Structures are given as C-alpha cells and as structure tokens.
Amino acid sequence: MLNAPQIGTVVRFAVGDYLFRQGQVLRSFHLIRSGVFHSRILRPDGTEILVELFGPGAVVGEGPAFSGAKRGTFVQAVSDAVVSIYTAEEMAECFGRQPEIAVSLIKLLGLKNRMLLNRISSITAPQPIFRVASLLYQLANHSSRQISADDSPGVSLSHEAIASMTALSRVSVTRSMAKLLDCGAIVDARKSHVTVDLAALREVLKSS
C-alpha cells in the first residue's frame, strides 16, 4: 500500500547524494524503490563505521521520523536511485483513513527486523568465511534484482568495508575472499568490486 500514488513524494538520487546525515532531525522516512544506499556512523574519535546497505524495498529512517529523534547515521547513495519520501504527519493521517496502509508498513518493518536478525546472526558466527559469504549473498541479492538474467550480480565494497560490516580484520576478510574465489562462489574480484555466483554462495552458507 506504500505504492499508493496519493501518498509520498518520489525523488531521484544520484551517486553520492544523502538521504540524511547523522545528527539531523527530520520528520520523514524513505522507501527505496531502486538503487542502493549505505549507512555509516561517525564515531567521536573521527573514524567511520559502515553499518548497512539498503536496496529496493527497504524502509529507512522510520523510527526517528515518528519519534523526532536525531538521525544516528549518514545514509548515502552508492548508485543512482529512486526513493519515495513520506512524512510522519502524512502517514498518521493516512493510518486513520486507510488502516491497510498501516498494516503494509508493519509488514515492511517486520521484514526489516528479520533481515537485521539475519545480519546479527552472520556477524556473530564463529567462521570468518561464513560472515563474509553471508554479507556478499545479502548484498548480491539486492544487485540481482536490477540486472539481466545473463549477468552475474556484483558487490561494490572494499575489503576494509567488508571487514567493518562483518566485525573482522582485513586479513581475515582477504583470506575468506581467497577461499570463496577458489571454490567458485566469487567469480571475479577487482579492487572494490566483487562479482559472485549466488548458487555457489548458497552452498557455502549451507556447509558452514
């Protein structure tokens, strides 16, 4: 129901554009229709942590939108994207007139929570190769929705970024990537772009 044309504003974002910045107070949230965004946290010591990537269908920023809290992350486009923007006030009015929209939002948030639990599970897994394979699989699934069936999905992340998102050292990531390349789960790895074989990645996850 968030696809209803009478609610929300559709906006296009270019690579590098921000949905919002850490510390901002905004009474709006976002539904990503196409493209990919990443979220980062700036720590007090000036270092940044890459937290998550969001692809089509993801809802972003709904908590602070309704609570009025400051945004805890920077969310920035890593590809050209199309996003629907909804204000908390607009949605509150819609909930009264069309309760099915509230149900739709709750379902989307339920999916988001399941994805978060999967992410936490993969980060706490003891085997580095499982953490890396799980992250690549999740991100490649986002990419696979936007390419033709003849292409292999790719992930644009450096080893440092993967290490940040999996709570591993860069050395552990490099070793895990080498193993995934040997078994065919990674088709090609060049600098900050990795092309994967989703079926092979699934087999790695099943056996880990």
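The following questions and answers examine the terms used to describe this predicted model.

Q: What makes up the chain in terms of helices and strands, and what share of the residues is buried?
A: The chain contains seven helices and eleven strands. Of its 208 residues, 42% are buried, a term that requires a relative accessible area under 20%. The accessible surface of the chain comes to about 10,800 Å², and 56% of that surface belongs to carbon and sulfur atoms.

Q: How do you know that contacts join residues far apart in the sequence?
A: Contact means that heavy atoms lie within 4.5 Å. Among the contacts between residues at least 6 apart in sequence, 71% join residues at least 24 apart.

Q: Why is Gln76 called buried?
A: A residue is called buried when its relative accessible area is under 20%. Gln76 has 15% relative accessibility, and therefore it counts as buried. This residue belongs to strand β7.

Q: What makes the approach of Gln76 to Arg40 a polar contact?
A: A polar contact is a pair of N or O atoms within 3.5 Å, one able to donate a hydrogen and the other to accept it. The side chains of Gln76 and Arg40 make such a contact at 2.8 Å. In addition, a polar atom of the Gln76 side chain lies 2.9 Å from the backbone oxygen of Gly16. Leaving aside residues up to four places away in sequence, the residues that Gln76 touches include Asp17, Tyr18 and Phe37.

Q: How do you know that β4 pairs with β5 and with β7?
A: Two strands pair if at least two bridges are found between them. Strand β4 (residues 37–42) is joined to β5 (residues 48–54) by six bridges, and the two run antiparallel. With β7 (residues 74–77), β4 has four bridges, also in the antiparallel sense. Both counts satisfy the requirement of at least two, so both are pairings. Phe37 takes part on both sides: Phe37 stands opposite Phe54 in β5 and opposite Ala77 in β7. In the hairpin of β4 and β5, five residues lie between the strands, and Gly46 takes a positive phi near 95°.

Q: What makes β1 and β6 edge strands?
A: These strands belong to an open sheet of four strands in the order β1-β8-β3-β6, with antiparallel pairing. β1 (9–13) and β6 (59–60) are edge strands, as each pairs on one side only. β8 (residues 81–87) is joined to β3 (residues 28–34) by six bridges and to β1 by five bridges. Across these pairings, Ile32 stands opposite Val83, the bridge partner of His30 is Ile85, and the bridge partner of Arg12 is Val82.

Q: Why is β8 described as largely enclosed by the rest of the structure?
A: Five of the seven residues of β8 are buried, and so the strand is largely enclosed. Helix α2 (residues 88–97) lies across β3 and β8, at about 70° to β8.

Q: What makes helix α5 mostly covered?
A: Six of the eight residues of α5 (residues 159–166) are buried. Among them are His159, Ile162 and Met165. Just after this helix, Ala167 takes a positive phi of about 60°.

Q: How do you know which strands form the edges of the sheet β9-β11-β10?
A: This is an open sheet of three strands with antiparallel pairing. β9 (154–156) and β10 (186–190) each pair on one side only, which identifies them as the edge strands. Neighbouring strands of the sheet are turned by 15° against each other on average, direction ignored. β9 pairs with β11 (residues 193–196) over three bridges, and the bridge partner of Ser156 is His193. Helix α6 (residues 170–182) packs on the sheet and touches β10 and β11, with its direction at about 135° to that of β10.

Q: Why is Cys183 called partly exposed?
A: Partly exposed residues fall between the limits of 20% and 50% relative accessible area. Cys183 has 44%, and therefore it is partly exposed. Cys183 lies in the loop between α6 and β10. Its C-alpha atom is separated by 8.7 Å from that of Val204, which is 21 residues apart along the chain.

Key: Residues numbered from 1 in each chain as written. Predicted model: local features only at pLDDT ≥ 70, side-chain atom pairs only at ≥ 80, totals over all residues. Heavy atoms only, no water. Buried < 20%, exposed > 50% of the residue type's maximum accessible area, 1.4 Å probe, protein only. Areas by Shrake-Rupley, 256 points an atom, 1.4 Å probe, with all protein chains shown as cover. Axes fitted to C-alpha atoms, helices over the stretch in contact; angles between N-to-C directions.
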